[in-house]
There are 2 protein chains.
Amino acid sequence: MKRLTGKDVARAAGVSVSAVSRAFTAENRLNKATRDHILKVASELGYRPNALARSLIKQESDLVAVVFGNTDGMYDKDFFNRLSTALQKRGKWALQIRSEEEENIAETLGKALMYPVSAAIVRAGTVDLQVIENSKKMHVPLIYTGLGPTVKGADCVWLNYKRGGLLGTRHLIKRGCKKIAYIGGIEGITADTGRREGYLEALGEAGLQPHGISQTRFDFESGLQAALNLLQSDNPPDAFYCVSDAAALGVLNAAKSILNLRVPEDVAVVGSDNMPMAAWPCFDLTAATNPIDEIVQNLMNTLEARLADPDQKEMSVVVEPELVIRGSA
Amino acid sequence: MKRLTGKDVARAAGVSVSAVSRAFTAENRLNKATRDHILKVASELGYRPNALARSLIKQESDLVAVVFGNTDGMYDKDFFNRLSTALQKRGKWALQIRSEEEENIAETLGKALMYPVSAAIVRAGTVDLQVIENSKKMHVPLIYTGLGPTVKGADCVWLNYKRGGLLGTRHLIKRGCKKIAYIGGIEGITADTGRREGYLEALGEAGLQPHGISQTRFDFESGLQAALNLLQSDNPPDAFYCVSDAAALGVLNAAKSILNLRVPEDVAVVGSDNMPMAAWPCFDLTAATNPIDEIVQNLMNTLEARLADPDQKEMSVVVEPELVIRGSA
DNA sequence: ACCTCTATTGCAATCGATTGCCAAAACTCA
DNA sequence: TGAGTTTTGGCAATCGATTGCAATAGAGGT
């Protein structure tokens, strides 16, 4: 039950291990007939060179560690999906690493760094200096994403969360909403901090006061519950700006399906992310974008630039959200 | 920019490379004081043994290739997520491999088999003998999932798709529906074949004829479009059995949000998978289950059994769907 | 003081592949 | 035919870690 090796192929083809290796590397150091023969024998046996043994000698590998702090969210699943597809298109393989707790990322990444990855992409809501420290010591380039701009010591591709909150809330104000609630996420996560900041600034511009701020877990159930609480209070809001699409869909469910309110007449709802689901007829959700393709593309560019020149100074790319206006606000 | 190695630690700690290695393996072959010193120096430098170099000599690795034929579906994303979390809990790392086209799985898996994975888990809708052949030749255990029972030469964990179609359609019949349409997926994919078989069998039991069979792409848009076509025809169906939850949600959108029909009074809808979304108030979808946790658990059991004894005969586990009845039918 | 036994550590071979170097073979051209 | 050049392919060192074996030191017994 041993793995097939180059030695087996060499024996079968009647050549040396070096010849087998040369048949598989692009080197022009082999007679065409010999190479063809070796490749034929190898393919019959089903042999492929061991990428790890290769990475030992070549001092490089095609593995990229992809670390997620919390993947429960629908957005993150989608994001991860596109990210690893993009990596694979560029000849890289995603070594997937999850951390149930946002705090354990350092430890989890540490274990994964035992594999000779050429880089690590970390998607998390908070910066962990230990993570940066670890990867620095291992000489593994680190790219953060899903964070605000303040990552010192690592490359970063981030969304201008504040602008999302700003655009979404301004839109609600322009519609004439006066009692605008904020459905937030976990405190300390930059997606929440930034969007709330934008929300508050937009209210300030219009001289309005925040009308209910709920901190939740970014997800559907949280959004639904928070909206139920607020809408059934003595002084219900007339609009919601939500930290995620998932939460916004929860709010829509609370308002339309449970409380039989009209959207946007009784209550207007704006989400953040603009996932494909936001466009479904039953939701028709107005949302600030969090464009996966653009972010992934920037991640790929950053990765390639970093691998090409490991010593260049830190790179930081900002992606700007837009507001997609649909029927919910 | 070289990776930190055991030699660096050895030099810094004033010991041999062997001693460093012994400090990191559980061996009791080192003086406690020496070991502590080495570990301290290693941790200061941020050193971790190279898992690949280790796997060379140990002839085993903690990598598991996870291959997906088509990951666009919402269900698959969720599935993958849980699968890799489960693997990680057992000390395995998921090396993620995607194949845009179902036909290219063999080729894609082949490339990934260059890494010394201890096993490959393949989730696909069709069996590819080449895939089985390849992994056999490389001596890599292969576990198929998402397929009907007829996989020769590989272990398999599958859902009894037919039973899902049977339960769902019987339920619609019991409700009094007479004109039941089938919203199917891509032909040849066992999830479609099996569920349609169950649908037809249930109709046969009741002496009913199929009322419209649409083959689509398993997804929301397909379901919506197919339902629009059928519902706007001269002789619209009074119920839908759908090959996936995503398609069922498309049908619900067409019926409720676009055509303003009442569900289940005008048209009843049953889905397959029972994703968390099916329970959202706005959908309240009756669905046959496709229990991710149970399937993943069985995959883990199969994997462990196979790794424990590579020579035992093929294993095949069947997971039985149930029907979760909600408001849509 | 001498011998035995054990604990601790280093040396060197090994895993599978790559590659610099060298030698044999083949080819060129006068 | 022979000198010079090129092509071809094997030998052996190498990557980073592990491990069998051997060497050394120290403990304990008589």
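How many Å should the 16 residues of helix 9 of chain B span, and how far apart are its end C-alpha atoms? The close-ups below come back to this question as they tour a predicted model.

**View 1. Helix 9 of chain B, from end to end.** Helix 9 of chain B covers residues 190–205. At 1.5 Å a residue, its 16 residues should span 22 Å, and because its end C-alpha atoms are 22 Å apart, expectation and model agree. Just past the helix comes B:Gly207, with a positive phi near 70°.

**View 2. The buried side of helix 9 of chain B.** Here the focus is on the residues of this helix that count as buried, among them B:Ala191, B:Gly194, B:Tyr199, B:Ala202 and B:Leu203. Charged names appear here too: B:Asp192, B:Arg195 and B:Arg196 are also among the buried residues. The packing partners of the buried residues all belong to chain B and include helix 8 (161–174) as well as strand 5 (155–159) and strand 6 (180–184). Further along the chain, strand 7 (213–215), strand 8 (239–242) and strand 9 (268–273) also pack against them.

**View 3. A buried arginine in chain A.** A:Arg123 sits in strand 3 of chain A, which runs over residues 119–123. Is this residue buried or exposed? It counts as buried, because its relative accessibility is 12% and the cut-off is under 20%. Its side chain makes a polar contact of 2.6 Å with the side chain of A:Asp76. Beyond its neighbours within four places in sequence, A:Arg123 also touches A:Val67, A:Phe68 and A:Gly69, along with A:Tyr75 and A:Phe79. A:Thr145 and A:Gly146 are in contact with A:Arg123 as well.

**View 4. The protein surface around DNA strand C.** Altogether, 29 residues surround this strand, and the closest come from both chains: A:Gly6 and A:Arg54, with B:Ser16, B:Arg29 and B:Thr34. Of the strand's atoms that come within 4 Å of the protein, 64% belong to sugar and phosphate. Two polar side-chain atoms lie by phosphate oxygens of DNA strand C: one from A:Arg54 at 2.4 Å, another from A:Ser21 at 2.7 Å. A base oxygen is also reached, 3.4 Å from an N or O atom in the side chain of A:Ser18. Helix 2 (17–24) and helix 4 (51–58), in chain A and in chain B, each give two or more residues to this surface. Helix 4 of chain A has the largest share, with five residues. By class, the surface holds ten nonpolar, eleven polar and eight charged residues.

**View 5. The protein surface around DNA strand D.** Which residues come nearest to this strand? Of the 29 around it, they are A:Ser16, A:Arg29, A:Thr34, B:Gly6 and B:Arg54. Sugar and phosphate make up 63% of the strand's atoms within 4 Å of the protein. A backbone N or O atom of A:Asn31 is 2.9 Å from a phosphate oxygen, while a polar side-chain atom of A:Gln59 is 2.7 Å from a sugar or linking oxygen. For the bases, look to B:Ser18, which has a polar side-chain atom 3.3 Å from a base oxygen of DNA strand D. Helix 4 of chain B gives the largest share of this surface, five residues.

**View 6. Two chains about one axis.** A turn of 180° with a shift of 0.0 Å along the axis lays chain B on chain A, at an RMSD of 0.0 Å. That is the relation of a two-fold axis. Both copies use the same surface, as 100% of the contact residues of chain B recur in chain A. Within chain B, B:Leu95 comes closest to the rotation axis, its C-alpha lying at 2.4 Å.

Notes:
Residues numbered from 1 in each chain as written. Chains lettered and ligands numbered in written order. Predicted model: local features only at pLDDT ≥ 70, side-chain atom pairs only at ≥ 80, totals over all residues. Heavy atoms only, no water. Near = heavy atom within 4 Å. Polar contact = N/O pair within 3.5 Å; in protein donor to acceptor, adjacent residues only side chain to side chain. Helix = DSSP H or I, 4+ residues; strand = E, 2+ residues; numbered from the N terminus. Nonpolar A, V, L, I, M, F, W, Y, C, P; charged D, E, K, R; others polar. Buried < 20%, exposed > 50% of the residue type's maximum accessible area, 1.4 Å probe, protein only. Contact = heavy atoms within 4.5 Å. Expected span 1.5 Å × (residues − 1). Least-squares fit on C-alpha atoms with pLDDT ≥ 70 in both.
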